[in-house]
Amino acid sequence: MGAPKSVWMDGKNVPFEKATIPIFAHTLHYGSGVFEGIRCYKTRKGPAVFRLKEHILRLQRSARCMLMEIPYDLDGIVRGVWEAIADNAWEACYVRPLVYRGAKKLGVDPTGADVHLAICTWEWGAYLGEEGLEKGIRIMTSSWMKNPANSMPTKAKVTGAYANSVVAKGEAIAMGFDEAMLLDRRGFIAEGSGENVFYVSGGVLHAVDNLSALEGITRESVIVLAGDLGIPVQVGSATKDQLYNADEIFFTGTAAEITPIREYDLRKIGEGRRGPVTERLQKAFTKAVRGEDERHIDWCEYAPAVRTAKAKG
């Protein structure tokens with residue numbers, strides 16, 4: 001992880017070592033924050049953030065689910081992202097907007113708590129390893145169930161919800177795997193610890209749909225790209241044995257991008273390496289995020305003249 005020079009906090013860039021929050025911050029105690037994961041890519045035209053506005057709109061939806069009023073509107077948050085990238089002079093980076101409750105109030109009741117916005121940026125390569133992008137990774141079914149949709153807002157990126165992912169990922173790593181697969185309360189495939197799931201069977205790309213899984217922006221982009229390539233797509237639920245017998249499986253996510261899975265629960269998937277459909281989609285995705293696909297040039301947002309982000313009101 002390449003550490004930043006500064007972090008954008010409540011309207012200004014703060015030196016990294018001074019970008020701190022109070023020990024009594026509500027979000028630290030109760031997990032009552034929301035966040036986004038966004039990538040900025042190096043392109044021939046300069047740094048480009050992939051589907052920036054879609055990510056910020058999802059951040060706003062997440063905040064609404066948690067009864068949080070973000071003190072900046074969409075344009076203000078977008079300007080904050082660019083100010084954070086510019087101050088650190090990144091050509092490519094990972095962007096993490098974080099909406100959190102401060103130290104004004106403790107106790108489970110969040111009413112009246114102060115709300116803050118921080119935007120962190122850092123250098124982050126392939127989340128599951130460069131080798132994994134080419135050769136595929138090994139995964140296992142976690143002993144932990146995915147949070148049910150009626151237990152908390154599973155369509156929101158809530159900080160506290162990711163304790164579920166942390167225990168699942170930690171278990172998988174401890175047992176010698178690269179990543180975990182979580183099932184829902186019915187036993188259907190939900191998602192990885194931080195990724196959506198696709199599989200290929202009989203030439204058809206299946207996008208795993210689950211009420212407990214996050215509605216991924218990379219996932220939606222891959223479905224569109226598959227259409228461009230003439231790959232038929234079906235959206236529906238899936239079981240472990242369907243994936244065991246798939247020709248290909250891959251994860252998608254902002255951090256993971258498109259990562260093939262070569263082994264699931266000690267079972268070799270397909271030929272035990274990245275499959276042809278996954279490879280085609282990886283190449284199409286790389287062109288899109290680098291601004292080289294004219295059909296999706298609007299997915300890339302380039303730096304405007306940086307202006308100061310102002311709070312609402």
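**Close-up views of a predicted model**

**View A. Residues at the contact of α6 with α8.** In this predicted model, the residues T218, V222, L225 and A226 of α6 meet L281, A284 and F285 of α8. By class, the residues of this contact comprise six nonpolar, one polar and no charged. Helix α6 spans residues 217-228, and its axis comes within 10 Å of that of α8, with a crossing angle of roughly 110°. Because an angle of 65 to 115 degrees counts as roughly perpendicular, α6 and α8 are therefore described as roughly perpendicular to each other.

**View B. Surroundings of Q282 in helix α8.** Q282 belongs to α8, which covers residues 276-289. Its relative accessibility is 11%, and Q282 therefore counts as buried, since the term applies under 20% relative accessible area. With residues up to four places away in sequence set aside, Q282 touches L133, I258, P260 and R274. For L133 there is also a polar contact: the side chain of Q282 reaches the backbone oxygen of L133 at 2.8 Å. As a distance reference across the chain, the C-alpha atoms of Q282 and I38 are separated by 18 Å, the two residues being 244 residues apart along the chain.

**View C. The largest nonpolar core.** This core holds 29 residues, and V34, L52 and I85 are those with the most contacts inside it. Two or more residues are contributed by each of the strands β4 (38-43), β6 (93-101) and β7 (115-122) and by each of the helices α2 (52-65) and α3 (74-88). The most is given by α3, with seven residues.

**View D. Contacts of V34.** V34 is one of the residues with the most contacts inside the largest nonpolar core. Leaving aside neighbours within four places in sequence, the contacts of V34 include L59, S62, A63, M66 and M68. Also in contact with V34 are P97, L98 and V99, together with K157, V158 and T159.

**View E. K169 in helix α5 and its partners.** K169 is placed in α5, a helix formed by residues 163-174. A polar atom of the K169 side chain lies 3.2 Å from the backbone oxygen of D178. Not counting residues up to four places away in sequence, K169 touches D178, E179 and A180, as well as Y127, L128 and S193.

Methods. Residues are numbered from 1 along each chain as its sequence is written. This is a predicted model: local features need pLDDT of at least 70, side-chain atom pairs count only at pLDDT 80 or more; totals for chains, interfaces and linings use all residues. Side-chain values use heavy atoms; hydrogens and water are left out. A nonpolar core is a set of buried Ala, Val, Leu, Ile, Met, Phe, Trp, Tyr and Cys residues joined through side-chain atoms within 4.5 Å. Buried means under 20% relative accessible area, exposed over 50%, partly exposed in between (1.4 Å probe, protein chains only). Helices (H or I, at least four residues) and strands (E, at least two) are DSSP runs, numbered from the N terminus. Contact means heavy atoms within 4.5 Å. A polar contact is a pair of N or O atoms within 3.5 Å; within protein, one must be able to donate a hydrogen and the other to accept it, and residues adjacent in sequence count only if both atoms are side-chain atoms. Axes are lines fitted to C-alpha atoms, for helices over the stretch in contact, and angles run from 0 to 180 degrees between N-to-C directions. Angles under 35 degrees count as roughly parallel, over 145 as roughly antiparallel, 65 to 115 as roughly perpendicular and the rest as oblique. Ala, Val, Leu, Ile, Met, Phe, Trp, Tyr, Cys and Pro count as nonpolar, Asp, Glu, Lys and Arg as charged, and the others, Gly among them, as polar.
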